[in-house]
Amino acid sequence: MLQSHHISQLERIYDEKVFLKTGAHIVIEPTEGVTVIDVNSGRYKTSASPEDAAFNVNIEAAPEIARQLRLRDLGGIIVIDFIDMSREDHKRKVLDVLRAELAKDLAKTEVNKISSLGLVEMTRERAGKTIESLKFAECPYCHGRGRVRID
């Protein structure tokens, strides 16, 4: 029998927003053609420079992003919107952490470098159906568009 802690972790797999220990969070939005992951500083507070703050949040987010990709078995094209960093060594370290964490994944991944807009484009092969696709059906009213019409 699963303990309540594990049940709550399983239920959180469906959450769009995943909180990190520092108060920052990532938002995961799968669509039909691409999954977008947005890194946000949220409630993260520091006296560090904006560059160092962005680096700290991104370094914390990278392993969690890899973990969420595995847990949710997300595949296809994935775009990660890290918080903008100007220092090349910071960008390289964030990518190194992301790649190291993705190397633990059995699924094949390919990760491009961080673009000038702070985006990382990557691909990940999906092992099977996503957990979300097994537990949720398309809304019969909006047909999966996620909107409610106001008359």
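Start at H90, a residue of helix α3. The model on your screen is predicted.

**Stop 1: H90**

Select H90 and look at its surroundings. Is H90 buried or exposed? Its relative accessible area is 4%. The cut-off for buried is under 20%, so H90 is buried. Now show its contacts. Leaving out residues up to four places away in sequence, H90 touches E51, D52, F55 and M85.

**Stop 2: the whole of helix α3**

Widen the selection to residues 88-102, which make up helix α3. Put a distance between the C-alpha atoms at its two ends. They are 21 Å apart. At 1.5 Å a residue, a helix of 15 residues should span 21 Å, so the two values agree.

Next, colour the buried residues of α3. They are H90, K91, V94, L95, L98, E101 and L102. Turn the view until you look down the axis of α3. The buried residues fall within an arc of 130 degrees, so they line one face of the helix. Which residues are exposed on the other side of α3? Select E88 and R92 to see them.

What covers the buried residues of α3? The cover includes helix α2 (50-72) and three strands: β4 (76-81), β5 (109-114) and β6 (119-124).

**Stop 3: the hairpin**

Select β5 and β6 together. These strands form a hairpin, with four residues between them. Their pairing is antiparallel and runs over four bridges. Step along the ladder. E110 stands opposite T123 in β6. V111 stands opposite M122 in β6. Then go to the turn and pick G118. Its phi is positive, at about 85 degrees.

**Stop 4: V111**

Stay in the hairpin and select V111, which belongs to strand β5. Its relative accessible area is 14%. Buried means under 20%, so V111 counts as buried. Which residues does V111 contact, leaving aside neighbours within four places in sequence? They are L95, L98, R99, L102, V120, E121 and M122. Of these, L95, L98 and L102 are also among the buried residues of α3. Add a distance from V111 to E121, C-alpha to C-alpha. It reads 6.3 Å, although the two are 10 residues apart in sequence.

One point helps when you look at strands from the side. In a regular strand, side chains alternate between the two faces of the sheet.

**Stop 5: the sheet**

Now select every strand. How are the six strands ordered? They form an open sheet in the order β1-β2-β3-β4-β6-β5, and the pairing is mixed. Look at the edges. β1 (17-19) and β5 stand there, each with a single partner strand, so one side of each has no neighbour in the sheet. Tilt the view to see the twist: direction ignored, neighbouring strands are turned by 20 degrees against each other on average.

Bring back helix α2. This helix packs on the sheet and touches β1, β2 (25-30), β3 (34-40), β4 and β6. The direction of α2 makes about 150 degrees with that of β3. Then bring back α3. It also packs on the sheet, touching β4, β5 and β6. Its direction makes about 175 degrees with that of β5.

**Stop 6: the nonpolar core**

Show the side chains of I65, I80 and L98. Of the 30 residues in the largest nonpolar core, these three touch the most other members. Which elements give two or more residues to this core? They are β2, β3, α2, β4, α3, β5 and β6. Helix α2 gives the most, with nine residues.

Centre on I65. Apart from neighbours within four places in sequence, I65 is in contact with I26, I37, V39, I80, F82 and L98.

**Stop 7: D73**

Follow the chain into the loop between α2 and β4, where D73 sits. What is special about its phi? The value is near 50 degrees, which is positive in a residue other than glycine. D73 counts as buried, at 11% relative accessibility.

**Last stop: the whole protein**

Zoom out. The protein has four helices and six strands. Along the sequence, the pattern is α-β-β-β-α-β-α-β-β-α. Of the 151 residues, 34% are buried. Finally, show the contacts between residues at least 6 apart in sequence. Among these, 58% join residues at least 24 apart.

Key
Residues are numbered from 1 along each chain as its sequence is written. This is a predicted model: local features need pLDDT of at least 70, side-chain atom pairs count only at pLDDT 80 or more; totals for chains, interfaces and linings use all residues. Side-chain values use heavy atoms; hydrogens and water are left out. The expected span of a helix is 1.5 Å times one less than its number of residues. Buried means under 20% relative accessible area, exposed over 50%, partly exposed in between (1.4 Å probe, protein chains only). The arc is that of the directions from the helix axis to the C-beta atoms. Contact means heavy atoms within 4.5 Å. Two strands pair if DSSP finds at least two bridges between them. Axes are lines fitted to C-alpha atoms, for helices over the stretch in contact, and angles run from 0 to 180 degrees between N-to-C directions. A nonpolar core is a set of buried Ala, Val, Leu, Ile, Met, Phe, Trp, Tyr and Cys residues joined through side-chain atoms within 4.5 Å.
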